[in-house]
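Visitor: I would like to go through this model and ask what stands behind each label. Please set the values against the cut-offs.

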Amino acid sequence: MLEPIASPRPSVVALAASVLLLGPVLVGCQREEPAPEAAPPQTQAQTQAPVVSVAPAPTLDRAGLLQAMDVAASAYAAGRDPGGADLVGRRFSVRQVFGCTGPTPPPAGDAVSGGGLARWAWGDRRRTLKLTLAPGNWTDSALIAGGADSWEAVEGFWVSRPWLRTERCPGVQGDPLAGGSVAASPQTVGLAAVFDQDGPRTGRRNGRAYEYVVRGEGDQPPAAPSDGYRLVLEGRMAAFADGRAIRCRAAGPDQRPVCIGAVRLDRVAFEDASGRLLSEWRGG
């Protein structure tokens with residue numbers, strides 16, 4: 001007698017049914033996520049590099065100008081390019097003290113060495129005190145020769161005591177062992193105010209000095225300054241024919257080079273020791 005065939009185990013039947021039920025669920029989970037939308041193309045303005053503003057170079061004061069002159073003098077003496085092209089167009093405002101030791105006699109010498117320094121002197125019977133500055137005539141000097149074809153006139157101003165960076169009177173007193181007066185050192189740093197042939201004439205002095213008269217209070221004569229006066233020179237650095245703002249010359253290797261800067265002079269002024277404006281002249 002044949003044995004009846006056994007039916008599948010209940011656990012196997014349940015497993016098969018589970019697989020059939022989970023199939024659609026797994027198929028639904030495997031569907032791909034939609035691709036992200038493409039970013040819109042950037043405009044030309046968005047792709048350009050950001051504009052970076054550059055601050056203008058600071059105005060050259062006395063210390064900054066003398067530092068540039070020292071660098072140029074050292075390079076020239078060493079036989080190298082004195083540089084200075086980066087100074088062209090830079091603004092400057094230089095103050096220098098004068099009259100610290102009392103009145104100064106009128107300038108002597110030629111038009112180059114005799115002018116370009118501010119001074120003061122007593123007036124008639126010491127009732128007034130006059131400040132003067134006579135620019136040097138540097139138009140035909142060796143310092144300017146070949147400066148630029150467009151220049152018609154050049155008026156020179158010396159920057160006195162170039163070893164002194166401060167705008168106040170020197171603190172050192174004369175050496176008592178030196179015996180008598182000591183001659184001043186030769187001028188070695190200057191500013192050459194240049195004027196073009198077709199430029200305005202209002203800023204040129206043409207041999208005339210800047211002058212200002214100091215008067216006392218009421219009937220009293222003015223007092224001699226205890227801390228001198230201040231000369232103010234302001235404008236922009238210009239360029240010689242070679243594109244540099246500074247030119248140096250020296251007669252020999254054992255002499256300090258004389259260095260001058262070409263400038264467009266905008267303002268000349270006299271101040272007292274406290275900085276109070278006494279008088280000013282502006283270019284055209």
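Visitor: In which strand is Thr-132 found?

Guide: This is a predicted model. In it, Thr-132 lies in strand S3, which covers residues 128-133.

Visitor: Why is Thr-132 called buried?

Guide: The relative accessibility of Thr-132 is 19%. Buried means under 20%, so Thr-132 at 19% counts as buried.

Visitor: Which residues does Thr-132 touch, not counting those up to four places away in sequence?

Guide: Thr-132 touches Leu-117, Ala-118, Arg-119, Tyr-210, Glu-211 and Phe-270. Phe-270 also belongs to the largest nonpolar core, where Phe-92, Leu-131 and Phe-270 touch the most other members out of 39 residues. Helix H3 (residues 62-77) supplies the largest share of this core, six residues. A second core, separate from that one, has 13 residues, including Leu-143, Trp-151, Phe-240 and Ile-260.

Visitor: How many helices and strands does the chain have, and in what order do they run?

Guide: There are three helices and eleven strands. From the N terminus on, the order is α-α-α-β-β-β-β-β-β-β-β-β-β-β. Of the contacts in the chain with a separation of 6 or more, 75% are between residues 24 or more positions apart. Buried residues account for 34% of the 284 residues.

Visitor: How do you know that the span of H3 agrees with what is expected?

Guide: The expected span is 1.5 Å times one less than the number of residues. H3 has 16 residues, so the expected value is 22 Å; the end C-alpha atoms are 22 Å apart, and the two agree. Just after H3, Gly-79 takes a positive phi of about 80 degrees.

Visitor: Which residues of H3 are buried, and what covers them?

Guide: The buried residues in H3 are Arg-62, Leu-65, Leu-66, Ala-68, Met-69, Ala-72, Ala-73 and Ala-75. Their cover includes strand S1 (91-98), S6, S8, strand S9 (246-249) and S10.

Visitor: What makes the pair Arg-165 and Asp-70 a salt bridge?

Guide: The side chains meet at 2.5 Å, N to O. The cut-off is 4 Å, so the pair qualifies. This pair links distant parts of the chain, with Arg-165 in the loop between strand S5 (151-158) and strand S6 (189-196), Asp-70 in helix H3, and their positions 95 residues apart.

Visitor: Why is Asp-70 called partly exposed?

Guide: Asp-70 has 25% relative accessibility. Partly exposed lies between the limits of 20% and 50%, so Asp-70 falls in that class. Arg-165, at 31%, is partly exposed as well.

Visitor: How do you know that Glu-234 and Arg-267 form a salt bridge?

Guide: Their side chains meet at 3.4 Å, N to O, which is within the 4 Å limit. Glu-234 is in strand S8 (residues 229-237) and Arg-267 in strand S10 (residues 258-271), 33 residues apart. Both Glu-234 and Arg-267 are buried.

Visitor: Why is Arg-282 called exposed and Glu-280 partly exposed?

Guide: Arg-282 has a relative accessible area of 57%, and exposed means over 50%. Glu-280 is at 32%, so Glu-280 counts as partly exposed. These two residues form a salt bridge, with the closest N and O atoms 3.6 Å apart. Glu-234, Arg-267, Glu-280 and Arg-282 are joined into one network by salt bridges that share partners.

Visitor: How many salt bridges does the count come to?

Guide: The count comes to 15 salt bridges.

Definitions and conventions
Residues numbered from 1 in each chain as written. Predicted model: local features only at pLDDT ≥ 70, side-chain atom pairs only at ≥ 80, totals over all residues. Heavy atoms only, no water. Core = buried A, V, L, I, M, F, W, Y, C linked by side-chain atoms within 4.5 Å. Buried < 20%, exposed > 50% of the residue type's maximum accessible area, 1.4 Å probe, protein only. Helix = DSSP H or I, 4+ residues; strand = E, 2+ residues; numbered from the N terminus. Contact = heavy atoms within 4.5 Å.
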